[in-house]
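Good morning, colleagues, and thank you for making time for this presentation. Please take a moment to look at the sequence and the structure before I begin.

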Amino acid sequence: MARAREEATDDEAAPRPGGRPRDSALDEAIILATRNRLVRDGYSLMTIGDIASDAKVSRPTLYRRWSTKFELVVDALDYGFRKQRDLYTVDLTSMAPREALIEAVRRLDPTYFNPDAMVLMGNFAGEAIRTPELLGIVREHAVEPRVALVENVLTQLQDSGAVRDDIDKHTIATMCFGSYYGAFYRGESGDEIPEAVVSVLWPAIATVKTP
């Protein structure tokens with residue numbers, strides 16, 4: 001990184017007179033290039049040079065915005081988290097209890113928004129020893145909100161009397177989340193998981209038994 005900074009000319013590295021505002025389109029191009037490289041190369045193997053080349057910018061241009069690869073990756077992850085935030089609530093008012101739980105389990109799917117999410121999750125798991133902060137960020141912003149969504153829906157269904165009060169919501173939500181990883185590693189589609197999982201769970205957790 002130091003060598004890359006030395007390659008910048010004085011004109012490129014110096015702040016612009018008058019504080020020229022950052023180009024949001026250029027920022028997004030760099031962010032998208034970073035997200036693509038995370039999928040293809042993983043955090044350890046991706047380089048600032050490759051990202052700059054993919055985004056068609058110079059390394060000094062990139063370094064004026066992010067001083068380290070880690071800072072850039074954190075912003076690239078946040079870009080995805082912000083786009084997913086409306087997925088973490090389910091409006092139950094127009095849904096039958098069982099259908100509400102199916103919808104919550106559907107949104108647990110890591111690939112619900114990003115089809116490359118399983119590969120990304122695997123890459124971050126592989127960084128657990130070298131860069132544990134990345135996995136921590138993913139847990140906090142991508143995993144926990146999804147799992148909490150299922151727990152919250154179960155709580156609302158308990159309040160409405162549709163689901164038993166003595167269920168273990170944490171374990172149920174974790175099992176539902178793990179179903180997607182099981183399907184991924186078995187080479188199976190996750191499309192049928194919400195209906196299939198709830199079909200198994202519902203008879204055990206519902207207060208009214210269906211024939």
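I shall go from the overall fold to salt bridges, aromatic rings and a few individual residues.

Let me say at the outset that this is a predicted model. The chain has 11 helices and 0 strands. Read along the sequence, the pattern is therefore α-α-α-α-α-α-α-α-α-α-α. Of the 211 residues in the chain, 42% are buried. The accessible surface amounts to about 11600 Å², and carbon and sulfur atoms account for 53% of that surface. As for the contacts with a separation of 6 or more, 69% of them join residues that are 24 or more positions apart.

I turn now to the charged side chains. How many salt bridges does the structure hold? The number is 11, and I shall describe three of them in turn.

The first example is in helix 3, which covers residues 24–45. Here the side chains of Asp-41 and Arg-37 meet in a salt bridge, at 2.7 Å from N to O. The two residues are 4 apart in this helix, so about one helical turn separates them. Arg-37 is buried, with a relative accessible area of 10%, whereas Asp-41 is partly exposed at 23%.

My next example is in helix 7, residues 97–108, where Arg-107 lies. The side chain of Arg-107 meets that of Glu-103 in a salt bridge of 2.8 Å, N to O. Again the partners are 4 residues apart in the helix, and so they are separated by about one helical turn. Are these two residues buried or exposed? Arg-107 counts as buried at 17% relative accessibility, and Glu-103 counts as buried at 14%. Which residues does Arg-107 contact, leaving aside its neighbours within four places in sequence? They are Asp-86, Leu-87, Thr-89, Val-90, Tyr-112, Arg-146 and Leu-149.

The third salt bridge is formed by Glu-127 and Arg-130, whose closest N and O atoms are 3.2 Å apart. Glu-127 is buried, with a relative accessible area of 3%, while Arg-130 counts as exposed at 57%. Salt bridges can also share partners, and in this way Arg-37, Asp-41, Asp-50 and Asp-54 are joined into one network.

Let us move on to the aromatic rings. A pair of aromatic rings is described by the distance of the centres and the angle of the planes. The structure holds 2 aromatic pairs. In one, Phe-177 and Tyr-181 have ring centres 5.4 Å apart and planes at 70 degrees. Why is this pair called edge-to-face? An angle over 60 degrees between the planes counts as edge-to-face, and the planes of Phe-177 and Tyr-181 are at 70 degrees, so the pair belongs to that class. Both residues are in helix 10, residues 169–185, and because they are 4 residues apart, about one helical turn separates them. Phe-177 is buried, with a relative accessible area of 11%.

The other pair is Phe-184 and Tyr-185, with ring centres 5.2 Å apart and planes at 80 degrees, so this pair is edge-to-face as well. Phe-184 has its place in helix 10. Phe-184 counts as partly exposed at 38% relative accessibility, and Tyr-185 counts as exposed at 64%. Together with Val-119, Phe-184 and Tyr-185 make a nonpolar surface patch of about 320 Å².

One further ring deserves mention, that of Tyr-43. The charged end of Lys-69 sits over this ring, 4.5 Å from its centre.

I shall finish with two individual residues. Lys-56 is found in the loop between helix 4 (48–55) and helix 5 (59–65). Most residues other than glycine have a negative phi. In Lys-56, however, phi is positive, near 60 degrees. Lys-56 is exposed, with a relative accessible area of 75%.

Finally, where is Thr-207 found? Thr-207 is in the segment after helix 11 (193–205). At 38% relative accessibility, Thr-207 counts as partly exposed. Thr-207 and Val-163 are 44 residues apart along the chain, yet their C-alpha atoms are separated by 5.2 Å. Apart from its neighbours within four places in sequence, Thr-207 is in contact with Gly-161, Ala-162, Val-163 and Arg-164.

Thank you for your attention.

Conventions. Residues are numbered from 1 along each chain as its sequence is written. Side-chain values use heavy atoms; hydrogens and water are left out. Rings of Phe, Tyr and Trp (its six-membered ring) pair if their centres lie within 6.5 Å; planes under 30 degrees apart count as stacked, over 60 as edge-to-face and the rest as tilted. Buried means under 20% relative accessible area, exposed over 50%, partly exposed in between (1.4 Å probe, protein chains only). A charge sits over a ring if NZ of Lys or CZ of Arg is within 6 Å of the ring centre and within 35 degrees of the ring normal. Patches are made of residues with over 30% relative accessible area and no salt bridge: like charges are joined within 9 Å, nonpolar side chains (Val, Leu, Ile, Met, Phe, Trp, Tyr) within 5 Å. Accessible areas come from the Shrake-Rupley method with a 1.4 Å probe; for residues, only the protein chains shown count as cover. A salt bridge is a side-chain nitrogen of Lys or Arg within 4 Å of a carboxyl oxygen of Asp or Glu. Contact means heavy atoms within 4.5 Å.
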